[in-house]
Amino acid sequence: MTTLPDQIRACRLCADRFAASATAHTPRPVVWFQPGARLLIAGQAPGMRVHTTGKPFNDPSGDRLRDWLGLTTDQFYDRSRVAIVPMAFCFPGYDTRGSDLPPPPLCRATWHDRVMKALPDLRFTVVVGGYAHRYHLQARGSVTETVAGWRGFLPQALPLPHPSWRNTAWLKRNPWFETDLLPVLRQRVKETLND
Ligand code: SF4
């Protein structure tokens, strides 16, 4: 029987949508989870580099995220313990200004409830960016409002901004993120993987 990860890898539902984008690319689902994982990294969607390499967060955003989490590259990519599930499994393409398009809602509607059911051993979720905040935390405010309310999501989850270079100014404006939130995040990740 085909596994759920293999079914997603074979998905081409957004082929027409991606063909009409500025990049005119074909779907390449980047699937990185298996039953038994304890830590969930819930993200947005692959960028162009991840689309090319087929490995999630294999880019400068990933380097910053691993630093935030306190994980080595080997720990981060250990699928037996860490699941990486974005709101869309494929790169959505660029808009006319060269920014990434939003994750297609069709992906969430088609796959996400099934993926979550396939991960019954999750103990902690790191929720990265506004799209994931809305799905996993039912957050309705801005990214800043949701992340500023981080204590209210413990011990099950913590919301983060996207680790993209585009958010470097946000990090400077919100120094509490590094001084208050990150030490707690690293502790929860360590507890989740070691207990
Ligand atoms: S983004 Fe999701 S729904 Fe669309 S083709 Fe990729 S896997 Fe399928």
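## The annotated span

The C-alpha atoms at the two ends of residues 30-186 are 26 Å apart, and this span is 41% helix and 12% strand. UniProt lists these residues, in an unreviewed entry, as "domain: Uracil-DNA glycosylase-like". Please keep in mind as you look around that this is a predicted model.

## The nonpolar core

A good place to begin the tour is the inside. The largest nonpolar core has 41 residues, and the ones that touch the most other members are L40, I41, A42, V126 and V127. Several elements each supply at least two residues of this core: strand 1 (39-43), strand 2 (82-86), strand 3 and strand 4, together with helix 4, helix 6, helix 7 (130-137) and helix 10.

Take I41 as an example. Leaving aside neighbours within four places in sequence, I41 is in contact with V82, I84, V126 and V128.

## L39 and V82

L39 sits in strand 1, and V82 sits in strand 2. L39 counts as buried because 23 other C-beta atoms lie within 10 Å. V82 is buried too, with 23 other C-beta atoms within 10 Å.

What does each of them touch, once residues up to four places away in sequence are set aside? For V82 the contacts are A37, L39, I41 and F76. For L39 they are R81, V82, F124, V189, T192 and L193. Both residues also have partners from other parts of the chain: L39 and V126 are 87 residues apart in sequence, with C-alpha atoms 7.7 Å apart in space. V82 and W32 are 50 residues apart in sequence, and their C-alpha atoms are 8.6 Å apart.

## Helix 4 and its buried face

Helix 4 covers residues 60-69, and its buried residues are S61, G62, L65, W68 and L69. Seen down the helix axis, these buried residues fall within an arc of 120 degrees, so they line one face of helix 4.

What does that face meet? The buried residues of helix 4 pack against strand 3 (124-128), strand 4 (157-160) and helix 10 (176-194). Just after the helix comes G70, which takes a positive phi of about 75 degrees.

## Around the ligand

The model also holds a ligand, with 14 residues around it; C11, C14, P27, C90 and C107 come nearest. By class, the shell is made up of twelve nonpolar residues, one polar residue and one charged residue. Which element gives the most to this shell? That is helix 6 (residues 105-117), with three residues.

One of the residues that come nearest to the ligand, C107, also appears among the contacts of A88. Leaving aside neighbours within four places in sequence, A88 is in contact with A45, P103, P104 and C107. A88 lies in the loop between strand 2 and helix 6. Is this loop residue buried or exposed? A88 has 25 other C-beta atoms within 10 Å, and 20 or more make a residue buried, so A88 is buried.

## Backbone details in the loops

A few loop residues are worth a visit for their backbone geometry. A24 is not a glycine, yet has a positive phi of about 45 degrees. A24 is found in the loop between helix 2 (15-19) and strand 1. With 9 C-beta neighbours inside 10 Å, A24 counts as exposed, because the limit for that class is 12 or fewer.

F57 is another non-glycine residue with a positive phi, of about 55 degrees. F57 lies in the loop between helix 3 (48-53) and helix 4. Unlike A24, which counts as exposed, F57 is buried, with 26 other C-beta atoms within 10 Å.

Finally, look at P155, which lies in the loop between helix 8 (143-148) and strand 4. The peptide bond joining L154 and P155 is cis, with omega of about 5 degrees. To place P155 relative to a residue met earlier, the C-alpha atoms of A88 and P155 are separated by 26 Å, and the two are 67 residues apart along the chain.

Key:
Residues numbered from 1 in each chain as written. Predicted model: local features only at pLDDT ≥ 70, side-chain atom pairs only at ≥ 80, totals over all residues. Helix = DSSP H or I, 4+ residues; strand = E, 2+ residues; numbered from the N terminus. Arc of directions from axis to C-beta. Contact = placed C-beta atoms within 7 Å. Near = placed C-beta within 6 Å. Nonpolar A, V, L, I, M, F, W, Y, C, P; charged D, E, K, R; others polar. UniProt positions renumbered as here; feature names shortened; annotations may be inferred. Core = buried A, V, L, I, M, F, W, Y, C linked by C-beta atoms within 7 Å.
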